[in-house]
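Reader: I am a first-year student and should be grateful for a close look at the salt bridges of this model. Please take them one after another and explain the surroundings of each partner.

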Amino acid sequence: MTTPTTGGDRQNPAGVKTLAIRLEPEVHIQLTLIAQLRGSTITDEIRKALMAHIAGIKENTDLASQAESAIAEIDREAAARREAIAQLFGTDQEAAKPRAARGR
């Protein structure tokens, strides 16, 4: 579950999302011990683990190709919607305009 923040809350500075996670008791105990031994907090340990996980995923070429396919599908859907709007409102010139390709 995520809770959007507006920046006015002391415990949730702007740009930070709050997540609630469920851990098995033995995982929580281990995580607590790791945090104590490192002089850290459970939250910091979870953040470090998530950042390492995300870094590993960014190197996954299969996932990168899936992302490229998703972008292509989004572009196709957007073009179809633009065409439908142009036909609905009679703005054929707008539908015919080529859109700049999204690049990386």
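**Salt bridges and their surroundings**

Author: R38 is exposed, its relative accessible area being 56%. This value, like those that follow, comes from a predicted model. The side chain of R38 meets that of E45 in a salt bridge, with 2.8 Å from N to O. What is the relative accessibility of E45, and is E45 buried or exposed? E45 has a relative accessibility of 6%, and because buried means under 20%, E45 counts as buried. The bridge therefore joins an exposed arginine, R38, to a buried glutamate, E45. The pair does not stand alone, for R38, E45 and K48 are linked in a network of salt bridges. Overall, the count for the model comes to 4 salt bridges.

The next pair to consider is D44 and R47, which form a salt bridge whose closest N and O atoms are 3.2 Å apart. Where do D44 and R47 lie with respect to one another? Both belong to helix 2, which covers residues 42-58. D44 and R47 are 3 residues apart in that helix, so about one helical turn separates them. As for accessibility, D44 is partly exposed at 30%, and R47 is also partly exposed, at 47%.

A further salt bridge is found in helix 3, where the side chains of R76 and E73 meet with 2.7 Å from N to O. R76 and E73 are 3 residues apart, about one turn of helix 3. R76 has a relative accessible area of 51%; since exposed means over 50%, R76 is classed as exposed. E73, at 33%, counts as partly exposed.

The helix that carries this pair also deserves attention. Helix 3 runs over residues 61-89. Does its length agree or disagree with what its residues should span? At 1.5 Å a residue, its 29 residues should span 42 Å. The C-alpha atoms at its ends are 42 Å apart, so the two values agree.

Finally, the two ends of helix 3 may be described. At the start, a side-chain oxygen of N60 reaches to within 2.9 Å of the backbone nitrogen of D62. At the other end, helix 3 is followed by G90, which has a positive phi, near 70°.

Terms used: Residues are numbered from 1 along each chain as its sequence is written. This is a predicted model: local features need pLDDT of at least 70, side-chain atom pairs count only at pLDDT 80 or more; totals for chains, interfaces and linings use all residues. Side-chain values use heavy atoms; hydrogens and water are left out. Buried means under 20% relative accessible area, exposed over 50%, partly exposed in between (1.4 Å probe, protein chains only). Helices (H or I, at least four residues) and strands (E, at least two) are DSSP runs, numbered from the N terminus. The expected span of a helix is 1.5 Å times one less than its number of residues. A polar contact is a pair of N or O atoms within 3.5 Å; within protein, one must be able to donate a hydrogen and the other to accept it, and residues adjacent in sequence count only if both atoms are side-chain atoms.
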